[in-house]
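These are my notebook entries on one chain, kept in the order in which I looked things up. I began with the charges and then went on to the fold and the cores.

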Amino acid sequence: MQNDKSKFKNKVYKVVRNISCGKVLTYKEVAKLAGKPRAYRAVGNILNKNKNKQIPCHRVIRSNGQVGGYNQGVQRKIALLKKEGVIVRNKIILKRE
DNA sequence: CGTATGACGTGCA
DNA sequence: GTGCACGCCATAC
């Protein structure tokens, strides 16, 4: 049985895992897709506590274009994004349309 | 159960 | 464009 909170967390994982290669979503977008557009705070928190490699949480960035953070190190996150084709400059995501 | 924290976002000076 | 303060939600202690 899962409460709304647990469902939200589960949905977040599903959404993040569903992100295509080279694609990046913002915390707000993920929260919105998870059903709680106001829980972007919790999204970051959940991913931070999460250590599941199955989830490409490195594809989740901030709305202002910054890479945000990463439990394995921001540098690691940037490296992965760049490796996937995302342009990153000085911790800023320069994603093309 | 209540408090504190955090990978955030928006508003205002 | 930069800096500071408040709000918002889930999780941990």
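Entry 1, charges. I looked up the 25 positive and 4 negative charges of chain A and found that their mean positions are 7 Å apart. For this I counted Lys and Arg as positive and Asp and Glu as negative, leaving out His and the chain ends, and I placed each charge at NZ of Lys, CZ of Arg, CG of Asp or CD of Glu.

Entry 2, conventions. I note that this is a predicted model, in which local features need pLDDT of at least 70 and side-chain atom pairs count only at pLDDT 80 or more, while totals for chains, interfaces and linings use all residues. Residues are numbered from 1 along each chain as its sequence is written, chains are lettered from A and ligands numbered from 1 in the order in which they are written, and side-chain values use heavy atoms, without hydrogens and water.

Entry 3, fold. I took helices (H or I, at least four residues) and strands (E, at least two) as DSSP runs numbered from the N terminus, and chain A then has four helices and four strands, in the order α-β-α-α-β-α-β-β from the N terminus on. The radius of gyration of chain A is 13 Å, close to the 13 Å that the globule rule gives for 97 residues, so the chain is as compact as a globular protein of that length; the radius is taken over C-alpha atoms, and the rule is 2.2 Å times the number of residues to the power 0.38.

Entry 4, one lysine. I found K14 in helix α1, residues 4–17, and K14 counts as exposed because its relative accessibility is 56%, where exposed means over 50%, buried under 20% and partly exposed in between, with a 1.4 Å probe and protein chains only. From C-alpha to C-alpha, K14 and R89 are 28 Å apart in space and 75 residues apart in sequence.

Entry 5, cores. I defined a nonpolar core as a set of buried Ala, Val, Leu, Ile, Met, Phe, Trp, Tyr and Cys residues joined through side-chain atoms within 4.5 Å. The largest one has 19 residues, and F8, V12 and V43 are among those with the most contacts inside it. Helices α1, α2 (27–34) and α3 (40–49) each supply at least two residues of this core, and α1 gives the largest share, five residues. Apart from this core lies another, of eight residues, including V24, V67, I78 and V88.
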